[in-house]
Amino acid sequence: MQKVICLVALILVTLLSHAQQTELKLTLEKGKTYKQVTQSVATIVQEVGGQKMTITAGISGVMTFLVTGVSSSGYDMEVRYESLTMSMELPQGKMEFSSENESGSDIFSAILREVINKPFTLTMTTSGKITRVGDVDKLWDGAINQFSQLPQAQRDQIKAQLMNSYGENALKGNIEMVTAVYPERPVRPGEKWTVNTDLKTGMSAKLDSEYEFQKVTADHIFMKGRSKIQTDKEASVQSNGMPMTYNLSGIMITEIKADRKTGWIEEAKISQEISGDAQIQDNPQVPGGMSIPMTMTTQMTISN
């Protein structure tokens, strides 16, 4: 009799545990548009020649994602910028560029205005991974080439700077950092899973994340993530015409509230802190090279 009771109890526990599992994923509808509003502020402290220099950089923008196709593996989307703003505060002063700025003398803001409401495409899986990004280079080429009065060398330089943050490779990682948060299997509250993301925004880095399903309510899903960040110290990039490598590492903490029905993120708070050094390689401008210790702290909010 005792064995029967134990067996019944075991079956009940198994059934209840299974019932508590939730399939966390994107469930979007064809023809519907989903919005992502981003605000990010990064504080960078560098030490050059024994002197510390602080730079504050801000990026904000609004993107819309129109679902144009749905398959078992994910979604084809038409994506547009509704607004874009970049700012940088240096010891010498502050610069700001915005698609909302109508000043005719501000070429960089005018380029940002040229990409507003013009589409590019991407494909996103139900777990939030980006498998394809298209037409982004064409988008920026068209915007920059509107200003034929600029020398070609200057247009090339502007494009290179923009591609660091908004090129196809950079966009893939930037969007995935927010959307690629879902597991490949049903989970219950308290369960954890890992997601790996490649970041290519001026410096190549690996983002190894562990997410936890915290709770589910009638309307929302709550998750929390902790990520380890490590730059690729072998990857060389050009900065002001000089070859550089970055050896930086740190952590990122993410808090997420998503719509229970669609999985689209309604609110997210991201805190990131990395430190290490940037290495300027030997070049005519800096013979023998130079090591620049640095830390970067970033606060980002995402909303819909």
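Okay, so the second largest pocket: 13 residues line it, and the ones nearest its centre are Glu255, Ile256, Lys257, Glu267 and Lys269. This is a predicted model, by the way, so keep that in mind for everything I show you. The volume of that pocket comes out at about 220 Å³.

Where does the lining come from? Four strands each give at least two residues to it: E9, which is 220-231, E11 at 242-259, E12 at 265-280, and E13 at 290-303. And what's the chemistry like? The lining of this second largest pocket splits into five nonpolar residues, three polar and five charged.

Now let's go from an open pocket to an enclosed cavity. If you search the whole structure for cavities of 30 Å³ or more, you get one. The largest cavity has a volume of about 70 Å³. Its lining is Leu26, Gln36, Val178, Thr179, Val181, Tyr182, Gly263, Trp264, Ile265 and Ile302. Sort that lining by type and you have seven nonpolar residues, three polar, and no charged ones.

Right, on to helix H3, residues 136-144. Which of its residues are buried? Val136, Leu139, Trp140, Ala143 and Ile144. And they sit on the same side of H3, because they cover an arc of only 120 degrees around the axis.

So what is that buried set packing against? Quite a list: strand E3 (74-90), helix H2 (107-115), strand E5 (120-125), strand E6 (130-134), and then helices H4 (152-166) and H5 (168-179).

Since H4 just came up, let me pick one residue from that helix: Gln161. Is Gln161 buried or exposed, or somewhere in between? Its relative accessibility is 44%, so we call it partly exposed. If you're wondering how far Gln161 is from Thr121, those two are 40 residues apart in sequence and 21 Å apart in space, going C-alpha to C-alpha.

Last thing, confidence. For the protein chain, pLDDT averages 87, and 93% of the residues score at least 70. The stretch to watch is residues 3-19, where pLDDT stays under 50. For that stretch, the model has two contacts beyond four places in sequence.

To go back over the two linings while you have the structure up: five charged residues in that of the second largest pocket, and no charged residues in that of the largest cavity. Okay, that's me done.

Definitions and conventions. Residues numbered from 1 in each chain as written. Predicted model: local features only at pLDDT ≥ 70, side-chain atom pairs only at ≥ 80, totals over all residues. Heavy atoms only, no water. pLDDT = per-residue confidence, 0-100. Contact = heavy atoms within 4.5 Å. Buried < 20%, exposed > 50% of the residue type's maximum accessible area, 1.4 Å probe, protein only. Arc of directions from axis to C-beta. 1 Å grid on protein atoms, 1.4 Å probe; cavity = no way out; pocket = protein on both sides within 12 Å on 5 of 7 lines; lining within 4 Å. Points joined across faces, edges and corners; volume = space filled by probe spheres on them. Nonpolar A, V, L, I, M, F, W, Y, C, P; charged D, E, K, R; others polar.
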